[in-house]
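Visitor: I would like a close look at a single part of this protein, taken slowly and with its surroundings in view. Please choose one helix and follow it outward.

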Amino acid sequence: MARTNVVIAHRHPIVLEGLSMVLGALADFKIVASCEDTPSCIEAISNLAPDIAIVDPAMPECAELLVFSSHASQNRLPESHSTHVIIFGSSEDCALVLEAGPPTCSIILTDTEPEALVGFLSSNGCEVLFAA
């Protein structure tokens, strides 16, 4: 079975480490990059073309990443990327993403249980995952 390549981008190192530990312990996922800022996340997505990018919506310049992913998903970039961006944040931060317009990404709240997070990432089926 093919592994899902993942880029994680979060401004808090403890969250980067926690997500890496949770997903890295599973055979289905391979963490290909951990980024603490938006420019390095965009670079990692461009260079590594991961299957999933888990992103903190409160990172400075996160709007650039959402525009980048939107253009990529609509094949408006020279190179076609198929990275699915997943916003991983508080309900307040995710609400700002939703207010900006229809998301071109999925949303997972930070208070989601690890098992639900892994299940969502494995199925990658719905748009918004609310905590149980």
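Guide: What follows is a walk along one helix, the loop before it, and the parts it meets.

The model is a predicted one, and the values quoted here are computed from its atoms. In the protein as a whole there are five helices and six strands, and from the N terminus on they run in the order β-α-β-α-β-α-β-α-β-α-β. Of the 132 residues, 38% count as buried, while the accessible surface comes to about 6900 Å², with 56% of that area belonging to carbon and sulfur atoms. Among contacts between residues at least 6 apart in sequence, 53% join residues at least 24 apart.

The part to examine is α1, which covers residues 13-24. A first check concerns its length: at 1.5 Å a residue, the 12 residues of α1 should span 16 Å, and the C-alpha atoms at its ends are indeed 16 Å apart, so the expected and modelled spans agree. The next matter is which way its side chains face. L16, L19 and L23 are buried in α1, and because they cover an arc of only 75° around the axis, they sit on the same side of the helix. The background to this is that an α-helix has 3.6 residues a turn, so residues three or four places apart point the same way. On the face of α1 turned away from that buried side one finds the exposed residues I14 and M21.

As for what the buried side meets, the buried residues of α1 pack against the strands β1, β2, β3 and β4, and also against the helix α5. One of these partners can be followed through a single residue, L121, which is found in α5. L121 has a relative accessibility of 2% and therefore counts as buried. Leaving aside neighbours within four places in sequence, L121 is in contact with L23, F29, I52, I54, I86 and I108; of these, L23 was named above as a buried residue of α1. The C-alpha atoms of L121 and I52 are separated by 8.4 Å, although the two residues are 69 apart along the chain.

Just before the helix comes the loop between β1 and α1, and this is where R11 lies. Side chains of opposite charge can pair when their charged atoms come close. The side chain of R11 meets that of D56 in a salt bridge, with 2.6 Å from N to O; since D56 lies in the loop between β3 and α3, the pair ties together parts that are 45 residues apart in sequence. The side chain of R11 also forms a salt bridge with D93, here at 4.0 Å from N to O, a value to be read against a cut-off of 4 Å. D93 belongs to helix α4, so this second pair ties together parts that are 82 residues apart in sequence. R11, D56 and D93 are thus linked in a network of salt bridges, and the count for the protein comes to two. The two ends of the R11–D56 pair have their own surroundings: R11 is partly exposed, with a relative accessible area of 36%, whereas D56, at 1%, counts as buried.

From β3, one of the strands against which α1 packs, the view can be widened to the loop that precedes this strand. A49 is placed in the loop between α2 and β3, and it has a positive phi of about 45° although it is not a glycine. Most residues other than glycine have a negative phi. A49 is partly exposed, with a relative accessibility of 42%. A49 is also among the residues touched by T83, together with I45, P50, D51, I52 and A53, not counting residues up to four places away in sequence. T83 itself lies in the loop between α3 and β4 and, at 14% relative accessibility, counts as buried; its side chain reaches the backbone oxygen of P50 at 2.6 Å.

A similar look can be taken at the loop that leads into α5, the helix partner of α1. T112 has its place there, between β5 and α5, and with a relative accessibility of 11% it counts as buried. A polar atom of the T112 side chain lies 2.7 Å from the backbone oxygen of L109.

Technical notes
Residues numbered from 1 in each chain as written. Predicted model: local features only at pLDDT ≥ 70, side-chain atom pairs only at ≥ 80, totals over all residues. Heavy atoms only, no water. Helix = DSSP H or I, 4+ residues; strand = E, 2+ residues; numbered from the N terminus. Buried < 20%, exposed > 50% of the residue type's maximum accessible area, 1.4 Å probe, protein only. Contact = heavy atoms within 4.5 Å. Areas by Shrake-Rupley, 256 points an atom, 1.4 Å probe, with all protein chains shown as cover. Expected span 1.5 Å × (residues − 1). Arc of directions from axis to C-beta. Polar contact = N/O pair within 3.5 Å; in protein donor to acceptor, adjacent residues only side chain to side chain.
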